[in-house]
Amino acid sequence: MDQSIAQAPGAEDNPLAVWLTERIESALASRDDARRELYALRAAVAVVAPDKALQVTLRFDHGHVTVHDGMMGIPDVTFCGDEEVLRALADVKLSRWGQLPLPPLASSRAALWRRSAVDLLSGELKIYGLLSHARIVLRVLRLLTEG
């Protein structure tokens with residue numbers, strides 16, 4: 001496990017926590033910009049999958065992230081949706097042209113982006129804190145994507 005990532009006791013028994021840890025580890029191992037995103041974050045992010053009764057809190061502290069089983073404190077941002085919707089969200093890659101979060105219009109991943117946008121608009125995915133902490137949301141999404 002990367003030194004930047006720690007799992008709190010009990011997180012190893014939560015499949016959502018294990019998956020999030022693996023996604024962040026993979027991003028840090030494969031992309032230099034992922035480490036920059038990690039160093040820029042200082043926030044608490046909750047991920048909730050009510051269909052499986054799973055809750056995870058990611059506590060970011062400038063280069064370190066601790067993955068907790070369950071809700072810890074009051075999160076800055078909360079991603080809430082079925083586990084399948086949350087996993088699909090991690091497959092969406094945002095381009096960084098001019099530092100703007102643009103969907104990849106001419107790539108094969110455009111369909112994934114559209115699907116996640118539809119999930120968000122239909123209410124299947126809720127991101128609490130999206131408007132007040134948009135930068136945190138974008139950085140977390142970039143940390144969860146692999147390539």
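# A sheet, its helices and one cavity

A search of the whole structure finds one cavity of 30 Å³ or more. The model you are looking at is predicted, so please read each statement below as a description of that model. Its strands include six that form an open sheet, and α5 lies across β2, β3, β5 and β6. Let's take the parts topic by topic.

**The cavity**

- How big is the largest cavity? Its volume is about 70 Å³.
- The residues that line the largest cavity include Trp19, Leu20, Val47 and Phe79. Also among them are Leu86, Leu89, Ala90, Val140, Leu141 and Leu144.
- Which helix gives the most to this lining? The answer is α5, with three residues.
- At least two lining residues come from each of α1, α3 (83–89) and α5.

**The sheet**

- Following the six strands across the open sheet, you meet β1, β4, β3, β2, β5 and β6 in that order, and the pairing is mixed.
- Why do β1 (5–7) and β6 (125–128) each have a side without a neighbour in the sheet? They stand at the edges, and each has a single partner strand, so one side is left free of a neighbour.
- On average, neighbouring strands of this sheet are turned by 15° against each other, with direction ignored.
- The strands β1 and β4 run parallel and are joined by three bridges. One place to look is Ala6, whose bridge partner in β4 is Thr66.
- By contrast, β3 and β4 run antiparallel, with five bridges between them. Here, Thr57 has His68 in β4 as its bridge partner.
- Strand β2 (residues 42–49) also pairs with β3 in the antiparallel sense, over eight bridges. Within β2 and β3, look for Ala43, which stands opposite Phe60 in β3.
- The helix α5 runs at about 60° to β5 (77–81) as it lies across the strands β2, β3, β5 and β6.

**Helix α2 and its two faces**

- Which residues of α2 (residues 32–40) are buried? They are Asp33, Ala34, Glu37 and Leu38.
- Seen down the axis of α2, these buried residues fall within an arc of 150°, so they line one face of the helix.
- A general rule helps here: an α-helix has 3.6 residues a turn, so residues three or four places apart point the same way.
- Turned away from the buried side of α2 is a face that carries the exposed residues Asp32 and Arg36.
- What do the buried residues of α2 pack against? Their partners are α1 (15–30), β3 (54–61), β4 (65–69) and α5 (134–144).

**Two buried residues to find**

- Phe60 has its place in strand β3. Its relative accessibility is 4%, so Phe60 counts as buried, a word used for values under 20%.
- Leaving aside residues up to four places away in sequence, Phe60 touches Leu38, Leu41, Arg42, Ala43, Val45, Val65, Val140 and Leu143.
- How far apart are Phe60 and Val140? They are 80 residues apart in sequence, and their C-alpha atoms are 9.7 Å apart in space.
- Ala27 is found in helix α1, and Ala27 is buried, with a relative accessible area of 0%.
- Ala27 touches Ala34, Leu143 and Thr145, again not counting residues up to four places away in sequence.
- In sequence, Ala27 and Arg142 are 115 residues apart, while in space they are 8.6 Å apart, C-alpha to C-alpha.

**Loops with a positive phi**

- As background, most residues other than glycine have a negative phi.
- Where is Ala53? Its place is in the loop between β2 and β3. Ala53 has a phi near 55°, a positive value in a residue other than glycine.
- Ala53 counts as exposed, because its relative accessibility is 68%, and exposed means over 50%.
- The strands β3 and β4 form a hairpin with three residues between them, and His62 is in the turn.
- The phi of His62 is near 40°, a positive value in a residue other than glycine.
- Is His62 buried, exposed or partly exposed? With a relative accessible area of 42%, His62 is partly exposed.

Definitions and conventions:
Residues numbered from 1 in each chain as written. Predicted model: local features only at pLDDT ≥ 70, side-chain atom pairs only at ≥ 80, totals over all residues. Heavy atoms only, no water. Buried < 20%, exposed > 50% of the residue type's maximum accessible area, 1.4 Å probe, protein only. Helix = DSSP H or I, 4+ residues; strand = E, 2+ residues; numbered from the N terminus. Arc of directions from axis to C-beta. Contact = heavy atoms within 4.5 Å. Pairing = 2+ DSSP bridges. Axes fitted to C-alpha atoms, helices over the stretch in contact; angles between N-to-C directions. 1 Å grid on protein atoms, 1.4 Å probe; cavity = no way out; pocket = protein on both sides within 12 Å on 5 of 7 lines; lining within 4 Å. Points joined across faces, edges and corners; volume = space filled by probe spheres on them.
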